[in-house]
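Welcome to a short tour; please have your viewer ready. We will go from selection to selection and look at what is there.

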Amino acid sequence: MAAIQINGVVKIYRGNVHALQGVSLEVMDGEIFGLLGPNGAGKSTLVKILMTVIHATKVSGAMLGKPIGDRLTLQDVGYLPEHHLFPYYLTGKQVLHHYGALAKVTRNDRKTRASKLLNRLGLSGWENKKVGTYSKGMLQRLGIAQSLMNDPKLLILDEPTDGVDPVGRREIRDLLAELREEGRAIFLNSHLLSELEMVCDRVAIMVKGLVRMQGTIDSLTKDSKRYEITISGAIPDWATACCDEIQNNTMIIRGDDPLAIQPTLDRLRADNTTIISVKPVRENLEDLFMRAVDNKDTPGAAQ
Amino acid sequence: MQLRALLLDAYRQLSAAKLFWVTFGISILVVVAYGSVGFNGQGISVLFGLWEIESEELREGSPWARGLYIGIFSSFLINIWLAWIATALALISTCSIFPEFVHSGSIELTIAKPIGRLKLFFAKYLVSLLFVVLQVAVFCIGVFICVGLRIGEWNPMIFSAIPIVATFFSYLFCICVLVGILTRSGITALLITGVFWMMLWSIQTSEAVLHRFVIEQEVDIERANEGIEKSEIELVKIQEVSTEDFRIQKLEKRIETYKEDIIDSQELLDKLTQWHTPTSWVLAISPKNSQTIGLLDRWLSDPDGFDIGAIMNGDMRAFEGEYAYEGGSLEVEEIEEFDRTTRGARDRETMRRMRKEYESHSLWYVVGTSLLFEGFILGIASIYFCRKDF
């Protein structure tokens, strides 16, 4: 079942700024979905529309089976906004209780979950300290804990690892994987492509208010799969017929079938050519992202 | 549950502010100073007996002592401390509540919860009044004890200061909220609220001054008409005896002067009314700060007139009953009759009529119309808040 399913979301700001120009996407239960895009692509606007923080110009679709904008649905959604700001006068524990109460979590559940989450996110010992004394990474962890206080079915995280050190990032990745195992849908909005690549089941790339690509990383990079055979010396003449591309002393054969490169390797050996390396290569998320963004796309929303 | 969370958050926010505790401390000092005033058989004792003032009227058990003690609370502690100084401190403390609330990064966390924006806005607004409610509540408890111990009157009406001062504060705070969510700046909200407060004060003062002038002219016209009537009766009496009496010319001259006075006063009255009428309309639709605070004076003052107004005007008269003292001053009628021809009597009559008219203003006029204004401002603020993309 789809946790989020939206069709043609449009947001036009004053001054005819088209932040979203008809975004459609789907996030399934039990998957981690990553939303990528350059600055001003409309990622945060889309997330804020889902969380009713921004009113869409046009929206159709559902979140957890209820129309987008239904306030009661938010009871089952956890949300961590980008650059969130907690009241400086609250302690970590008070933050969790405050936002938990606003999410209609009972007092008993708040008590149990707060200590469990503080512990799980490595903040035990800090629960009674004012958040003004927290580091950026700790605030981020507290933010994630806050988003989990209502035991959500859907978790929407905007830049969750922002300011978190590598150890913390790994812990967060592990936590997200655990949450996925529990059947929750996770919607991630991040700039950190390598992070997303490690954890996301599916991704969507947004550029100028439109989804350019959407799917599993594997399916999106399928066409880019190839073998690169590097040899010493000059590329033989016959190679142009069996290779898709030649770069210096590297022969490139597109596809992911290892059998397809065997005849080429046999012939190279027969020619007594020294083979330096044979590498199966595919695009990483960064390459995919750059391809989607096309380098020509400057940051910012469409005018 | 959500409202409780917001209430608790508001309390934590306020108690984290140093100014809250400073105001609280000053409030307690004011109450202690108030409690240091007492009455004994000889007169007034100040600073727990360090300073004694002998007085026939203001002594233990006298209605004037009650009038003074209650009057200090309703006219000075409320009118000066709570309505001006504590309100200014409260505005400084609370002006940033809404700008901080709608601050980017903070508002998303709250708005993304299952709580309607309208409910959230008004809940936040109401809990923000907690500063004033807490301060005034503690203040009133102190005053209640002081009044009970000092004059033996355990008057629960003292606690009516809590809703009155909170309502008074809310007239200003609604502007602070509107500007705060529009500009997201606490300083701007505070400055514009200050300007609005001064504007209200100017409107109220202008109306009161113009009203006073209007009544003065009305009194003058009435007095001139009375003078004409009396002079004409006297003239008829004299003319019946002799038509050549030297007083006839004098009286005719006096009647003429009265008529000229009436024409002058009427002209002035017309001009003043031209100014007073629109001013009173503006006042009618704007929050009535002074009159709201004045409600407490109306509710707490002695119906028999033994109040601080009379003490301040020097109108203290002898009283009868258990605590009456011997050799009292002139009777009321004597004072009125004696003063009728003087300028003092005209001023006193003007003040009496102003007070009477002022006290005739219904609770609806004073608080209802002010709350309508507040509702209008909050309506704009809430619509903006509900429609705003954060």
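Two strands pair if DSSP finds at least two bridges between them, and the strands themselves are DSSP runs (E, at least two residues), numbered from the N terminus. This is a predicted model, in which local features need pLDDT of at least 70, side-chain atom pairs count only at pLDDT 80 or more, and totals for chains, interfaces and linings use all residues. Residues are numbered from 1 along each chain as its sequence is written, while chains are lettered from A and ligands numbered from 1 in the order in which they are written.

**First stop: S9(A).** Select residues 202–207 of chain A, which form strand S9. Of its 6 residues, 5 are buried (20 or more other C-beta atoms within 10 Å of a residue's own, with C-beta atoms placed from the backbone).

**Next, its partners.** Add residues 32–36 of chain A: this is strand S3, which runs parallel to S9(A) and is joined to it by 4 bridges. Here A:Gly34 has A:Val203 as its bridge partner. Now add residues 210–216, strand S10 of chain A, which pairs with S9(A) in the antiparallel sense over 6 bridges. Look for A:Ala204 opposite A:Gln214. The hairpin of S9(A) and S10(A) has 2 residues between the strands, and A:Lys208 takes a positive phi near 50°.

**Last stop: A:Asn7.** Select A:Asn7 in strand S1 (residues 2–13) of chain A. Is A:Asn7 buried or partly exposed? A:Asn7 counts as partly exposed because it has 14 C-beta neighbours inside 10 Å, and that class lies between buried and exposed (12 or fewer). Measure from its C-alpha to that of A:Val59: they are 6.9 Å apart in space and 52 residues apart in sequence. Leaving aside neighbours within four places in sequence, A:Asn7 is in contact (C-beta atoms, placed from the backbone, within 7 Å) with A:Ser24, A:Ser60 and A:Gly61.

How values were computed
Contact = placed C-beta atoms within 7 Å.
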